[in-house]
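Let's walk through this one together, a question at a time. Have the sequence and the 3D view open while you read.

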Amino acid sequence: MPLSEKPEPKQRFIPSKWENKKVVKIVRDICQGCIVPNKPNVEKPQFYGIWSSEDQPRAMGPMYMPAPKLKLPGHIKSYNPPAEYLFDEDKSKAWEQDDPSDRKIDLIPAKYPSLRLVPAYSDFVQQHFDCCLDLYLAPQMLRRRAKLDISDPSKLLPKLPSPKDLRPFPSVCAIKYIHKNGTWIRTLSIDPRRMWVSTGSDDGQVRVWECKVGCCAFKWNLGINDSKPVYSLEWFPDPCKCLLSAVV
């Protein structure tokens, strides 16, 4: 094959896939305002006042809002829908009499033998125009974090729910297990059969109360000499045996 200095023909030129993607990305950023070509140089101040309110916040670029995706058509919008989706005369008249905003579907389903016999959609342009109009009139705003007002600390506390919303909960004292001389209760244990309640107090006495009545049925003094308090009580877990152990 003879050598020549001629440039390669354009037929042999294969465009690079990655360069194409890079160019598309740059074009998209320019359209969205992320990249501004030929932007004039703005002199930035050398120093900034930290506590000064004269500095203006940096202007944000135009916010990009993608167009909403259209809902995929179902069986009712097929050119050959099943028989249960087709309208009869009564349904067709009711659909025409309804307000367009009250209609569940925007067309009357029709059946065609083949796809090439389907006519053009008459409301195609109007539907896309309404979609673009909704997108144009949609409010575009940037949500910023609300500044905390620490001048009133009570505003920082969360709002507690009303006690009425937390019902049911015990609101009435039904039974009182009264200990004389206002002694302190160190420990408490409930019988496995839920019939007795045992308490141990600082005066060294173990009392057994009847749950339903609140009456003291039994009492033992375990700290006779130095009146040591009762630190722990525990019933035997077997409900067939009534045994109570105490630690002084």
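Q: In which sense do β5 and strand β6 pair?
A: Strands here are DSSP runs (E, at least two residues), just as helices are DSSP runs (H or I, at least four residues), both numbered from the N terminus. Two strands pair if DSSP finds at least two bridges between them. Strand β6 covers residues 244–247, and over 4 bridges β5 and β6 pair in a sense that is antiparallel.

Q: What kind of model is this, and how are its residues numbered?
A: It's a predicted model, where local features need pLDDT of at least 70 and side-chain atom pairs count only at pLDDT 80 or more, while totals for chains, interfaces and linings use all residues. Side-chain values use heavy atoms, with hydrogens and water left out, and residues are numbered along each chain as its sequence is written, from 1.

Q: Which residue in β6 is the bridge partner of leucine 233?
A: Look along β5, residues 232–235, where leucine 233 points to one face together with Trp235. Across in β6, the bridge partner of leucine 233 is alanine 246.

Q: Which side chains of strand β5 are buried?
A: Buried means under 20% relative accessible area, exposed means over 50%, and partly exposed is in between (1.4 Å probe, protein chains only). The side chains of β5 alternate, and Ser232 and Glu234 point to the face where they are not buried. Pointing to the other face, the buried ones are Leu233 and Trp235.

Q: What pattern does the protein follow along the sequence?
A: The protein has 3 helices and 6 strands. Read along the sequence, the pattern is α-α-α-β-β-β-β-β-β.

Q: How much of the protein counts as buried?
A: The protein has 248 residues to sort. Of these, the share that counts as buried is 13%.

Q: Which residues do ring pairs link into a cluster?
A: Rings of Phe, Tyr and Trp (its six-membered ring) pair if their centres lie within 6.5 Å; planes under 30 degrees apart count as stacked, over 60 as edge-to-face and the rest as tilted. By this rule there are 2 aromatic pairs. Phenylalanine 218 and tryptophan 220 form a stacked one, 5.9 Å centre to centre with 5° between the planes. The cluster linked by ring pairs is Trp196, Phe218 and Trp220.

Q: Which ring does the charged end of arginine 103 sit over?
A: A charge sits over a ring if NZ of Lys or CZ of Arg is within 6 Å of the ring centre and within 35 degrees of the ring normal. Lysine 17 has its charged end over the ring of tryptophan 18, 5.3 Å from its centre. For arginine 103 the distance to the ring centre is 4.0 Å, and the ring belongs to tryptophan 95.

Q: How many salt bridges does a search of the whole structure find?
A: Side chains of opposite charge can pair when their charged atoms come close. A salt bridge is a side-chain nitrogen of Lys or Arg within 4 Å of a carboxyl oxygen of Asp or Glu. Searching the whole structure gives 4.

Q: How many residues apart are arginine 186 and aspartate 202?
A: These two form a salt bridge, with their closest N and O atoms 2.4 Å apart. The pair links distant parts of the chain: arginine 186 is in strand β1 (residues 185–190) and aspartate 202 is in the loop between β2 (196–201) and β3 (205–210), so the answer is 16 residues.

Q: Is aspartate 191 buried or exposed?
A: Aspartate 191 meets arginine 193 in a salt bridge of 3.4 Å, N to O. Arginine 193 is partly exposed, at 39% relative accessible area. Aspartate 191 has a relative accessibility of 2%, so it counts as buried.

Q: What is the C-alpha to C-alpha distance between serine 92 and isoleucine 108?
A: Serine 92 is in helix α2 and counts as buried, at 18% relative accessibility. Along the sequence, serine 92 and isoleucine 108 are 16 residues apart. In space, the C-alpha to C-alpha distance is 7.2 Å.

Q: What is phi of arginine 194 near?
A: Most residues other than glycine have a negative phi. Arginine 194, in the loop between β1 and β2, has a positive value, near 60°.
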